[in-house]
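Reader: Could you take me through one part of this model up close? I'd like to hear about the nonpolar core and the packing around it.

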Amino acid sequence: MTVQRLRVPVGFLYAALFLYFSQPRPWLYAAGLLLALLGLLIRLWATGHLEKWQGLVTSGPYRYTRNPLYFGSFILGLGLTLAGSVVWLVVLYAVLFLAFYYPVMRREEDELQAGYQDPFPDYRKRVPLFFPALRPAWPKSDRRFSWTRVKANREYNAVLGFLILSLLIGIKMW
């Protein structure tokens, strides 16, 4: 799928554009980093429950949204973009995220439907696609959070990206 392959290079292009045009202000920098940190924590929580290709994951944040990794990524990117203090960059970020990730989520839904025909339709009906439910929409499972899964899913890359971009925005601000 072209959209799936383009999302990473377009993301790097957006990051370069963002770093060039951002005009960070201390209070928005601080607020944006807090929001970005929340997104990173959501991603960590999700990857601590995720074992790819080992069955439908319905524990942890997957009880609230079918796509907690993408939701966490959205919040992370939104926070970093807010830290840059330029409104049109925030709008561009939201448009790019929607344009690239909505089709990816839909494609992955089709794959999950084909792979997990029995539990997936009910899960799909009860658990929101993107924005989390306020209360768990799926029953609790025995699967617990695991730092081993976080490491296996290479989530340290998101942590490193968060730290590098936070530092670069901070340097630009000062």
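Author: Here is a walk through the core, a helix pair and the aromatic rings. The model is predicted, so to speak with its own thresholds: local features need pLDDT of at least 70, side-chain atom pairs count only at pLDDT 80 or more, and totals for chains, interfaces and linings use all residues. Numbering starts from 1 along each chain as its sequence is written, and side-chain values use heavy atoms, with hydrogens and water left out.

The largest nonpolar core has 32 residues, and Tyr 70, Phe 74, Leu 80, Phe 97, Phe 130 and Phe 162 have the most contacts inside it. A core here is a set of buried Ala, Val, Leu, Ile, Met, Phe, Trp, Tyr and Cys residues joined through side-chain atoms within 4.5 Å, where buried means under 20% relative accessible area (1.4 Å probe, protein chains only). Helices H1 (2–21), H2 (26–47), H3, H4 (87–115) and H7 each give it two or more residues; helices are DSSP runs of H or I, at least four residues, numbered from the N terminus. A second, separate core of ten residues includes Trp 138 and Tyr 62.

Now for the helix pair. H3 (residues 68–83) and H7 (residues 156–173) pack at about 10°, axes 10 Å apart, with axes fitted to C-alpha atoms over the stretch in contact and angles running from 0 to 180 degrees between N-to-C directions. They are therefore roughly parallel (under 35 degrees). Leu 76, Leu 80 and Ala 83 of H3 meet Phe 162, Leu 165, Ser 166 and Ile 169 of H7, contact meaning heavy atoms within 4.5 Å.

Back in the core, Phe 97 touches Tyr 70, Ser 73, Phe 74, Tyr 102 and Phe 130, leaving aside residues up to four places away in sequence.

Terms used
Parallel < 35°, antiparallel > 145°, perpendicular 65-115°, else oblique. Buried < 20%, exposed > 50% of the residue type's maximum accessible area, 1.4 Å probe, protein only.
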